Amino acid sequence: MTCAQCQHENRTGARFCDNCGAPLPRACSSCGTPLRPAAKFCDECGQPVAAAEAAARPARAVQAPTGY
């Protein structure tokens, strides 16, 4: 995704530009239409936003607490 502020190309799914820190707009993973911040569905193709974002997000490892 290209940053509108500095024109830097960022990785797919980035929320902020890794060059200037500007927030990046969300886009539908199905059709690429820009999404409004509170959108639950794409208003162009009807794709559920939360399901598409969860699938695109990498899993995070959970660390067990230490020091017991």
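**Exercise 1. Classify Thr-33 as buried or exposed, and list what Thr-33 touches.**

Solution. Start with the cut-offs: buried means under 20% relative accessible area, exposed over 50%, and partly exposed in between, using a 1.4 Å probe and protein chains only. Thr-33 has 17% relative accessibility, so Thr-33 counts as buried. Next, place the residue. Thr-33 sits in the segment before helix 1. Helices (H or I, at least four residues) and strands (E, at least two) are DSSP runs, numbered from the N terminus. Then take the contacts, meaning heavy atoms within 4.5 Å. Not counting residues up to four places away in sequence, Thr-33 touches Arg-26, Ala-27, Cys-28, Cys-42, Asp-43 and Glu-44.

A note on the source: this is a predicted model, where local features need pLDDT of at least 70, side-chain atom pairs count only at pLDDT 80 or more, and totals for chains, interfaces and linings use all residues. Residues are numbered from 1 along each chain as its sequence is written, and side-chain values use heavy atoms, with hydrogens and water left out.

**Exercise 2. Describe the surroundings of Cys-28.**

Solution. First, the location: Cys-28 belongs to the segment before helix 1 (49–56). Second, the accessibility. Cys-28 is at 8%, so Cys-28 is buried. Third, the contacts. With neighbours within four places in sequence set aside, Cys-28 meets Thr-33, Leu-35, Cys-42, Cys-45 and Gln-47. Fourth, a distance. Cys-28 and Cys-45 are 17 residues apart along the chain, and their C-alpha atoms are separated by 8.6 Å.

**Exercise 3. How many disulfides does the structure hold?**

Solution. Apply the criterion: a disulfide is a pair of cysteine sulfur atoms within 2.5 Å. The structure holds 0 disulfides. Check Cys-6. Its nearest cysteine sulfur is that of Cys-17, 3.6 Å away, and Cys-6 is in no disulfide. Check Cys-20. The nearest cysteine sulfur belongs to Cys-3, at 3.7 Å, and Cys-20 is in no disulfide either. Now add exposure. Cys-6 is partly exposed, with a relative accessible area of 27%. Cys-20 is partly exposed too, at 34%.

**Exercise 4. Trace the polar contacts made by the side chain of Asn-10.**

Solution. Fix the rule. A polar contact is a pair of N or O atoms within 3.5 Å; within protein, one must be able to donate a hydrogen and the other to accept it, and residues adjacent in sequence count only if both atoms are side-chain atoms. The Asn-10 side chain reaches the backbone nitrogen of Asp-18 at 2.8 Å. The Asn-10 side chain also reaches the backbone oxygen of His-8, at 3.3 Å. Turn to burial. Asn-10 has 5% relative accessibility and counts as buried. Finish with the wider contacts. Beyond four places in sequence, the partners of Asn-10 include Met-1, Cys-3, Phe-16 and Leu-24.

**Exercise 5. Characterise Gln-5 and Gln-7.**

Solution. Take Gln-5. Its relative accessible area is 61%, so Gln-5 is exposed. Leaving out residues up to four places away, Gln-5 touches Cys-20 and Ala-22. Take Gln-7. Gln-7 is exposed at 54%. Its phi is near 70 degrees, a positive value in a residue other than glycine.

**Exercise 6. Summarise the whole chain.**

Solution. Count the elements: the protein chain has 1 helix and 0 strands. Then burial: of the 68 residues, 18% count as buried. Last, contact range. Among contacts with a separation of 6 or more, residues 24 or more positions apart account for 4%.
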